[in-house]
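This report describes the fold of a single chain, beginning with its sheet and ending with its overall dimensions. The model under discussion is predicted.

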Amino acid sequence: MALKKGQKAPDFTLPSTSGENFTLSKNASSKPCVIYFYPKDFTKVCTAEACDFRDQFEAFQELDIPVVGISRDTITTHHKFKKEHKLPFELLSDASGKVCKSYDALIPIVNMPKRVTYFIDSNQVIQGVYSDMFESKKHVDEMVKQLKE
């Protein structure tokens with residue numbers, strides 16, 4: 001089960017494809033953001049989800065809301081994935097899985113990230129959650145819908 005709306009989002013620092021570390025309390029302190037967790041770069045459903053976020057990116061930009069993807073893949077793999085699919089947002093590497101776990105986005109035993117998306121406000125409070133392992137398109141649609149409410 002994902003974290004719930006109204007909960008404080010756990011702070012974290014992870015390496016980013018930008019070359020800088022991303023710290024939630026620092027990088028998202030003045031505006032809301034969307035953070036989505038996904039299992040693995042270059043897999044069919046994960047690629048579809050990333051491309052859906054790419055294709056709807058303008059809707060997030062218009063609202064000045066950054067999108068960040070997190071998986072356990074390495075930054076090197078993230079760079080290849082980002083380049084191949086022309087992703088306009090940053091990908092973060094949670095190699096240890098600790099951040100995924102703190103967001104209840106880690107499948108026990110196999111230690112693979114779940115597919116869960118959070119809308120987090122500028123106070124780092126979760127304002128929206130969507131969790132579905134197989135329906136990648138609904139993650140983007142649901143976030144856009146929640147952001148416009």
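## Sheet architecture and helix packing

In this predicted model, five strands form an open sheet in the order E5-E4-E3-E8-E9, and their pairing is mixed. Strand E5 (90–93) and strand E9 (126–131) are the edge strands, each pairing on one side only. From one strand to the next, the twist averages 20°.

At the E5 edge, strand E4 (residues 67–71) runs parallel to E5 and is joined to it by four bridges. Within this pair, Gly 69 of the chain stands opposite Leu 91 in E5. Helix H4 (residues 75–84) packs on the sheet here, where it touches E4 and E5. Helix H2 (residues 44–55) lies across strand E3 (33–37), E4 and strand E8 (116–120). The directions of the two helices relative to a strand are listed below.

| Helix | Reference strand | Angle |
|---|---|---|
| H2 (residues 44–55) | E3 (33–37) | about 165° |
| H4 (residues 75–84) | E5 | about 160° |

## The chain as a whole

The secondary structure of the chain comprises six helices and nine strands. Its radius of gyration, 14 Å, is close to the 15 Å given by the globule rule for 149 residues, so the chain is as compact as a globular protein of that length. The C-alpha trace spans about 35 × 30 × 30 Å along its principal axes.

Of the 149 residues, 49% count as buried. Among contacts between residues at least 6 apart in sequence, 64% join residues at least 24 apart. The chain exposes about 7500 Å², of which carbon and sulfur atoms supply 52%.

How values were computed: Residues numbered from 1 in each chain as written. Predicted model: local features only at pLDDT ≥ 70, side-chain atom pairs only at ≥ 80, totals over all residues. Heavy atoms only, no water. Pairing = 2+ DSSP bridges. Axes fitted to C-alpha atoms, helices over the stretch in contact; angles between N-to-C directions. Contact = heavy atoms within 4.5 Å. Rg over C-alpha atoms; globule rule 2.2 N^0.38 Å. Buried < 20%, exposed > 50% of the residue type's maximum accessible area, 1.4 Å probe, protein only. Areas by Shrake-Rupley, 256 points an atom, 1.4 Å probe, with all protein chains shown as cover.
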